[in-house]
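Good morning, and thank you for coming. Please look at the sequence and the model as I speak.

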Amino acid sequence: MKLTAIHVTPVAAFDASQFIDYANPLFDTVKLKEVPNDSYLTSLNKYSGITCEDLPNSEPLKNFIVDCAKEFFTGLGGDVDDYDFQVAGLWLNEMASGTYHSLHNHWAHTFSGNFYVRMPTNTGGINFKTPLILINKFKMKVKEYTVFNSETTTMNPLAGELLMWESHIAHEVPPSTYDGVRRGIGFDVDLTEKNT
Ligand SMILES: [Fe+2]
């Protein structure tokens, strides 16, 4: 028998470590909001709000994200000359030990992702869920998880890594216990077809 994986979901990883020294001080200078305790979506403790404008001197990072998006799009088989690429949102997240970010997607955008600025030892990763979980399908008991039966894929990025995925992909950050504060910069990228 031969099994073939169909409808594969890509997640792209990039080395963005050159932006760590830019990003870390932002968490001390940009005013972060306290997240209400009754938020159903997240218990992350601080959040900048989804806006690029609050981040000073963010052009180099935004340009880098656009370059990553173009590389990702090329890898998917697209032609970057057919589209305009724009960073639609860029925001800071701080997560204390034990906090979580519930399953969600960024459906209004094309690509989304996170730049991992500080990842304390034992910080958990990020879980991605297959869109196929929305289908009312047969739930099998699994002896061994493989690409053919797994609904969740966990990635464990290190500080300095930037992950990017298609915005409709559901993702979550489960709680974990660690010392210090986890920091990341989330982002959305929009692709607009050029009028040629
Ligand atoms: Fe997200």
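I shall go from the whole chain to one helix, then to the core and to two single residues.

This is a predicted model, in which local features need pLDDT of at least 70, side-chain atom pairs count only at pLDDT 80 or more, and totals for chains, interfaces and linings use all residues. Residues are numbered from 1 along each chain as its sequence is written.

Let us begin with the chain. Its secondary structure comes to 2 helices and 11 strands. Helices (H or I, at least four residues) and strands (E, at least two) are DSSP runs, numbered from the N terminus. Along the sequence the pattern reads β-α-β-β-α-β-β-β-β-β-β-β-β. Two residues are in contact if their C-beta atoms, placed from the backbone, lie within 7 Å. Among contacts with a separation of 6 or more, 86% are accounted for by residues 24 or more positions apart.

A residue is buried if 20 or more other C-beta atoms lie within 10 Å of its own, exposed if 12 or fewer, and partly exposed in between, with C-beta atoms placed from the backbone. By this rule, 22% of the 196 residues count as buried.

I turn now to helix α2. Helix α2 covers residues 59-76, and its 18 residues should span 26 Å at 1.5 Å a residue; the end C-alpha atoms are 25 Å apart, which agrees. The expected span is 1.5 Å times one less than the number of residues. Which residues of α2 are buried? They are Leu-61, Ile-65, Cys-68, Ala-69, Phe-72 and Phe-73. Seen down the axis, these buried residues fall within an arc of 135 degrees, so they line one face of the helix. The arc is taken from the directions from the helix axis to the C-beta atoms. The face turned away from the buried side carries the exposed residues Glu-59, Pro-60, Asn-63 and Thr-74. After α2 comes Gly-77, whose phi is positive, near 105 degrees.

What do the buried residues of α2 pack against? Their partners are β1, α1, β4, β6, β9 and β11. Strand β11 is itself paired, where pairing requires that DSSP finds at least two bridges between two strands. It runs antiparallel to β4, with 13 bridges, and antiparallel to β6, with 7 bridges. In the β6 pairing, Gly-113 stands opposite Phe-187 in β11.

Next, the core. A nonpolar core is a set of buried Ala, Val, Leu, Ile, Met, Phe, Trp, Tyr and Cys residues joined through C-beta atoms within 7 Å. The largest one has 26 residues, and those with the most contacts inside it are Ile-65, Ala-69, Phe-115, Met-164 and Ile-185. Two or more residues come from each of α1, α2, β4, β6, β9 and β11. Helix α2 gives the most, with 6 residues. In soluble globular proteins, nonpolar side chains tend to be buried together. Beyond four places in sequence, Met-164 touches Ala-12, Cys-68, Ala-69, Phe-72, Phe-111 and Gly-113.

Finally, two single residues. Leu-191 lies in β11 and counts as partly exposed, because it has 19 C-beta neighbours inside 10 Å. Its C-alpha is 9.2 Å from that of Ala-69, although the two are 122 residues apart in sequence. Gly-160 lies in the loop between β8 and β9 and is partly exposed, with 18 other C-beta atoms within 10 Å. The C-alpha atoms of Gly-160 and Tyr-116 are separated by 5.6 Å.
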